[in-house]
Amino acid sequence: MLAVVRGRPKQRLVLTDEERQVLTGWTRRRKSAQALALRARIVLACAGEGGLRSNTDVAAAERVSLPTVGKWRQRFLEKRLDGLGDEPRPGGPRTITDEQVEQVLVATLERSPHSATHWSRASMAAETGLSRSSVGRIWKALRLQPHRNDEFKISNDPLFVDKVRDVVGLYLDPPEKAIVLCVDEKSQIQALDRSAPVLPMMPGMPERRTHDYVRHGITTLFAALNVATGEVIGQIHRRHRATEFKKFLARLDREVPAELDVHLICDNYGTHKAPIIVKWLAAHPRFHMHFTPTYSSWRGEVERWFGLLTDQQLRRGVHKSIAALEKSIRDWVTAWNEDPKPFVWTKTAGSWNDSPHI
């Protein structure tokens with residue numbers, strides 16, 4: 001009885017002893033690329049049964065797709081061992097050498113151009129003989145940005161470590177039967193009116209405003225951020241002396257339940273340490289002052305809240321009088337307290353760049 005053979009007849013795949021030895025070595029070497037090892041196993045499997053083993057059996061045995069087996073079987077039959085390598089990728093050949101990349105890297109990191117403080121794509125291109133776009137691609141690949149710089153300030157506070165641990169400790173483990181308030185004032189808030197009406201946003205065009213403005217005066221916002229709830233107690237004064245700060249403390253004393261101690265986190269501004277403030281604190285023993293280290297006022301969470309106030313209300317606001325400005329601030333504080341969002345401090349006191357986020 002004759003066996004029925006289905007499918008297209010296959011070209012017989014026969015290996016020489018040398019080819020079999022090479023293919024077997026590729027499958028056994030641990031450092032061989034896994035893609036090449038798989039191709040070698042496919043070819044060895046196809047050489048079984050006298051070189052006529054079906055692609056379906058090989059695909060099932062190697063757990064690959066049928067087209068994959070057909071591809072590498074045909075490539076081997078056409079080019080033998082050379083056919084199992086990857087084909088050249090499309091595109092032109094590389095024109096920038098490793099030495100040129102190193103030249104750009106060393107120049108960027110170790111020196112500056114003779115006529116500027118930092119490199120630009122044009123000056124680096126002139127220095128190295130590469131095109132501006134090539135310099136830009138090298139910088140992007142190496143994550144170099146010569147046009148940018150960051151600023152930092154080192155605290156010279158001799159009690160830096162103790163103050164950081166004190167303040168961060170209040171954030172991470174607040175005391176019982178007490179409220180922790182981060183207190184500061186945002187001074188010099190200007191009531192600014194543009195010299196021409198603001199043009200509204202339109203499809204394809206952003207909101208537009210004149211670059212010049214008219215000043216109508218300044219005011220100051222005293223704010224106390226409840227670290228646990230995110231609620232804010234705010235009070236506006238036209239000046240920001242110790243007298244105004246004392247009035248703000250008196251308001252806190254009225255609004256915070258009498259059975260709770262009050263821990264205030266403040267920066268080192270002179271208003272917070274004035275004699276009348278020290279005297280007031282002595283007469284109100286439930287109030288406890290905690291000062292951030294020198295040059296580290298940003299460790300106060302209320303500073304982050306001031307940033308939100310600036311971004312969402314002040315920077316693009318138009319106010320024709322101080323009264324209008326103060327009303328906008330009060331309205332924004334009221335809206336914030338309707339749905340307050342506490343800040344969460346996620347880093348320990350041992351990290352130098354502790355910062356809060358919502």
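Select Val58 in this predicted model; the residue is found in helix 4, which covers residues 55-62. Val58 counts as buried, at 0% relative accessibility. Leaving out residues up to four places away in sequence, Val58 touches Ile42, Ala45, Cys46, Arg53 and Val69. Show these five as sticks to see what surrounds the side chain. Then add Arg41 and draw a distance between C-alpha atoms: Arg41 is 17 residues from Val58 along the chain, and the two C-alpha atoms are separated by 9.3 Å.

**Whole chain**

Zoom out and colour by secondary structure. The protein chain has 13 helices and seven strands. Of its 358 residues, 36% count as buried. The accessible surface comes to about 22900 Å², and carbon and sulfur atoms account for 53% of that surface. Among contacts between residues at least 6 apart in sequence, 64% join residues at least 24 apart.

**Helices 6 and 7**

Select residues 98-110, helix 6, together with residues 121-128, helix 7. The two axes come within 11 Å and cross at roughly 125°. That angle makes helix 6 oblique to helix 7. The crossing is right-handed. For the side of helix 6 that takes part, pick Gln103, Val104, Ala107 and Thr108; they meet Met124, Glu127 and Thr128 in helix 7.

**Two loop residues with positive phi**

Go on to Arg143, in the loop between helix 8 (132-142) and helix 9 (160-172). Arg143 is not a glycine, yet its phi is positive, about 60°. Its relative accessible area is 76%, so Arg143 is exposed.

Next select Lys177, in the loop between helix 9 and strand 1 (178-194). Lys177 is another residue other than glycine with a positive phi, here near 50°. Lys177 is exposed, with a relative accessible area of 70%.

**Glu244 and Thr271**

Select Glu244 in helix 10. Is this residue buried or exposed? Glu244 has a relative accessible area of 5%, which means that it is buried. Not counting residues up to four places away in sequence, Glu244 touches Phe222, His237 and Arg239. Display those three with Glu244 in the centre of the view.

Now pick Thr271, placed in the loop between strand 4 (261-266) and helix 11. Thr271 is buried as well, with a relative accessible area of 8%. Apart from neighbours within four places in sequence, Thr271 is in contact with His240, Arg241, Ala242, Phe245 and Ile277.

**Salt bridges**

The rest of the tour follows pairs of charged side chains. How many salt bridges does a search of the whole structure find? The search finds nine; three of them are visited here.

Start with Arg286 and Asp253, whose closest N and O atoms are 2.9 Å apart. Arg286 lies in the loop between helix 11 (275-283) and strand 5 (287-291), and Asp253 in helix 10 (residues 242-255), so this salt bridge ties together parts that are 33 residues apart in sequence. The two ends fall into separate accessibility classes. Arg286 is buried, with a relative accessible area of 14%, whereas Asp253 counts as partly exposed at 25% relative accessibility. The reasoning here rests on a cut-off: buried means under 20% relative accessible area.

Move to Asp331 and Lys327. Their side chains meet in a salt bridge, with an N to O distance of 2.8 Å. Where do the two residues lie? Both lie in helix 13 (residues 322-338), four residues apart, which is about one turn of the helix. Asp331 is partly exposed, with a relative accessible area of 41%, while Lys327 counts as exposed at 52% relative accessibility. For Lys327, the cut-off in use is over 50% for exposed.

Finish with Asp311 and Arg315. The side chains of this pair meet in a salt bridge at 2.3 Å, N to O. Asp311 counts as partly exposed, at 46% relative accessibility.

Key
Residues are numbered from 1 along each chain as its sequence is written. This is a predicted model: local features need pLDDT of at least 70, side-chain atom pairs count only at pLDDT 80 or more; totals for chains, interfaces and linings use all residues. Side-chain values use heavy atoms; hydrogens and water are left out. A salt bridge is a side-chain nitrogen of Lys or Arg within 4 Å of a carboxyl oxygen of Asp or Glu. Buried means under 20% relative accessible area, exposed over 50%, partly exposed in between (1.4 Å probe, protein chains only). Contact means heavy atoms within 4.5 Å. Accessible areas come from the Shrake-Rupley method with a 1.4 Å probe; for residues, only the protein chains shown count as cover. Axes are lines fitted to C-alpha atoms, for helices over the stretch in contact, and angles run from 0 to 180 degrees between N-to-C directions. Angles under 35 degrees count as roughly parallel, over 145 as roughly antiparallel, 65 to 115 as roughly perpendicular and the rest as oblique. A crossing is left-handed if the near helix is turned anticlockwise from the far one by less than a right angle, and right-handed if clockwise.
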